[in-house]
Amino acid sequence: MLNLLKRLWVIMKSPSSAAMGFILILGFTGGIIFWGGFNMGMEATNSEEFCAGCHAPIVKEIRETIHYSNRSGVRAICSDCHVPHNWTDKIIRKVQASKELVAFAMGTIGTQEKFEARRGYLANREWHRMKENDSAECRNCHEFDFMDFSEQGARSVKQHSTALASGEKTCVDCHKGIAHQLPNMEGIEGW
Amino acid sequence: MKKLLTMIVAGMIALTAAPVWSDDADELLSNNGGVGSLRGLVEISTTNKSEPLKRVPRDVQPIDRNYVQQPPLVPHTTRGYQVNLNANKCLSCHSFKNAGEMGATKISVTHYETRDGTTLSDVSPRRYFCLQCHVTQADAKPLVENTFLPVDSLR
């Protein structure tokens, strides 16, 4: 075993007899394949189909909501709200998500009943996450600076121009259950 | 001979039956005592073309009541408002607890009463489903003309 490692080390250390250009091309293509593959993997795990693999009932729920069906046809998919867009945050979230693979293997939310029982916990975790990052994923599309209060309803203006503008509240404080059914809201602030 | 007779009888039946089919509308009118239907003069089995959906105003001023016991109308959209065992979106603004902060109309104290007049500590189950009585409004013309006027105190 040690011998094998030593031999490998010698191969790695000694200069290659192949041409410089060849080595470079090899490096570049390898880079493209690995980086492209990595990104493709990232994209694939961001798709609705992938999410629906475990969270099928909740993926269906969005269909009644404004984030799925609306006048202009713009829509959000799971990852638009649940996976940070910023690269480092995204990688952190993806690494955290590896824990969720264990839950998948154990069938933690494998049935509708199990899912309903856990809905409150899951929702609270997402609300907490969005509260912590000042609803960063909402703001990827809904930017406060570009809100035209004259186009909003009186109720919206009242909240947006005060609590949201001052930073006292963040989007998710009021906008809960905008893409899913709500869990039992007993004891939740504002309900 | 027999064949000819059958043909004549069949012809006669066809002749007497034909006017009935062609005068459908007349018969519908003459058989109903002059009452017109909002569906129009069509057979019950015919599916009418549906009216375009009306748009609910997003947010308007509170709408005045037309009669004393009228449940106040909802002057805003309620799309996606969940009212079920888990949550009541309406009460997140209109409950006694939240109305002040949200600047919303408070539900009346009658919503806490059971049908035999006992006042409960929270909204009575029979009054929990807001949208059963309080409804959104759209700019829809009355289908039938009416001359209803609110009582003087509401005018």
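**View 1. Chain A is built from nine helices and zero strands.** Helices here are DSSP runs of H or I with at least four residues, strands are runs of E with at least two, and both are numbered from the N terminus. Walk along the sequence of chain A and you read α-α-α-α-α-α-α-α-α. The radius of gyration of chain A, taken over C-alpha atoms, is 23 Å, well over the 16 Å that the globule rule gives for 191 residues, so chain A is more spread out than a compact globule. That rule is 2.2 Å times the number of residues to the power 0.38. This is a predicted model, where local features need pLDDT of at least 70, side-chain atom pairs count only at pLDDT 80 or more, and totals for chains, interfaces and linings use all residues. Residues are numbered from 1 along each chain as its sequence is written, with chains lettered from A and ligands numbered from 1 in the order in which they are written.

**View 2. Box and burial in chain A.** Along the principal axes, the C-alpha atoms of chain A fill a box of roughly 75 × 40 × 30 Å. Just 9% of the 191 residues in chain A are buried (20 or more other C-beta atoms, placed from the backbone, within 10 Å of the residue's own).

**View 3. Helix H1 of chain A covers residues 2-13.** Its end C-alpha atoms sit 16 Å apart, which agrees with the 16 Å expected for 12 residues (1.5 Å times one less than the number of residues). H1(A) is hardly covered, with zero buried residues among its 12.

**View 4. Where chain A meets chain B.** The contact takes 14 residues from chain A and 10 residues from chain B (C-beta atoms, placed from the backbone, within 7 Å).

How values were computed:
Two residues are in contact if their C-beta atoms, placed from the backbone, lie within 7 Å.
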